[in-house]
Structure formats: structure tokens, C-alpha cells
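Got the viewer open? Let's take a short walk through this one, selecting as we go.

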Amino acid sequence: MIERITQVAHDLDELDRRILIELQQDASQSLDDIARKVSSSKTPVWNRIRKLRKAGIITRDTVLLDPEALGLEACFFVLVRTSAHEADWQARFLHAVRARPEVMEAHRLAGDIDYLLKVRVPNARAYDRFYQALISEVTIHNVTALLSMEEIKFTTELPLEHTKS
């Protein structure tokens, strides 16, 4: 599957890229609007979107919510170090992280830190509840939580202008 997606990514032409850029900016816009913005007609745009979905380039449509408007004002970046690298520990950790709705992103890293989590909660007390729940499910060697004071940039848009033709 990854090889197929990689091959499709290399086969994207300029029109595909422009369509994807438009969809990333606002997936709710009409096919007519997208076609006009990319200088094409509706049917070819629709066919290309279907092709991009089938190839796995477009994985889903979603809505972005304002976390602060929903009372989720605290964003913590959690650095996790473990001394356990066995498959059983990793399976329990991954299950615990995936089950927690506060975890917006989770990454396994190379280097001194094993995992990086992005956690969105209302406040520090809520983060502590998250932390206590996590360490009750799996043993962690060391955890460092960094509170984001200000979000400087956030985007879900991939830089398609810079991908290879």
C-alpha cells in the first residue's frame, strides 16, 4: 500500500496538486468553485478527486474545531522516556495513548526521547488527571510536560508546491 501511494505521489501533475491545495484549504467548497479556481471543468476535477481517494492520497474529509472555543485551552507537549522496549510494554503504551481522547498526536522518536505526545486539555488539573491515568496503565521511566504558551503556527495543509513532479 505504501509503495502504491508513493508511486501515485510521484505521478501527481500540476492540476492534481492545485486540486489538493484547494481541498486542504476548504474541503467544503463546491466542485464548481474548485474547478474554477484550478482552471478546469467540474467533471475532470471530480474524476481526479475520485482517483486521489482511491489511491489513498485523500484519506478523509473532516472539520477543524477551535480548541479554545471548546474550553480546551491548555496544550501540552509530553516527552516520554522509557527503559522498557519490549513488545508487550510497547503494545500497552500504544493502547493507552490511542485510547486517550486528549492525545491529539503521538510520535515515536529517534534520539534521547522515545515518544512525543501532543495533549489538549482544559487546564493543568486536567493534564494531571491524564498523566495519572497514563502512568496507572503503563510504567514510564521519565515524563516531561511542556506547556505551550502560544501557538505560533498550526496547519493541516501539506506543502504540495514543493513535492516532485
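Start by selecting Val45, Ile49 and Leu52: these are the buried residues of α4. They span an arc of only 65° around the axis, so they sit on the same side of α4. Keep in mind throughout that this is a predicted model.

Now show the whole of α4, residues 42–54. Its 13 residues reach 18 Å from the first C-alpha to the last, close to the 18 Å expected at 1.5 Å a residue. Swing round to the other side of α4 and you'll find Thr43 and Lys54, both exposed. What covers the buried residues? Bring up α2 (14–25) and α3 (31–37), which are part of that cover. Then step past the end of α4 to glycine 56, where phi is positive, near 85°.

Leave α2 on screen for the next stop, the largest pocket, since α2 gives the most to its lining, with five residues. The pocket's volume is about 1,700 Å³. To find its centre, select Gln24, Thr62, Leu64, Phe154 and Thr156, which lie nearest to it among the 46 lining residues. Add α1 (2–11), β1, β2 (103–108) and β3 (115–121): each of them, like α2, supplies at least two lining residues. Colour the lining by class and you get 22 nonpolar, nine polar and 15 charged residues.

Last stop: threonine 82, in the loop between β1 (74–81) and α5 (87–99). Is threonine 82 buried or exposed? It counts as buried, because its relative accessibility is 9%, below the 20% cut-off. Leaving aside neighbours within four places in sequence, show Trp89, Asp114 and His141 to see what threonine 82 is in contact with.

Terms used:
Residues numbered from 1 in each chain as written. Predicted model: local features only at pLDDT ≥ 70, side-chain atom pairs only at ≥ 80, totals over all residues. Heavy atoms only, no water. Helix = DSSP H or I, 4+ residues; strand = E, 2+ residues; numbered from the N terminus. Buried < 20%, exposed > 50% of the residue type's maximum accessible area, 1.4 Å probe, protein only. Contact = heavy atoms within 4.5 Å. Expected span 1.5 Å × (residues − 1). Arc of directions from axis to C-beta. 1 Å grid on protein atoms, 1.4 Å probe; cavity = no way out; pocket = protein on both sides within 12 Å on 5 of 7 lines; lining within 4 Å. Points joined across faces, edges and corners; volume = space filled by probe spheres on them. Nonpolar A, V, L, I, M, F, W, Y, C, P; charged D, E, K, R; others polar.
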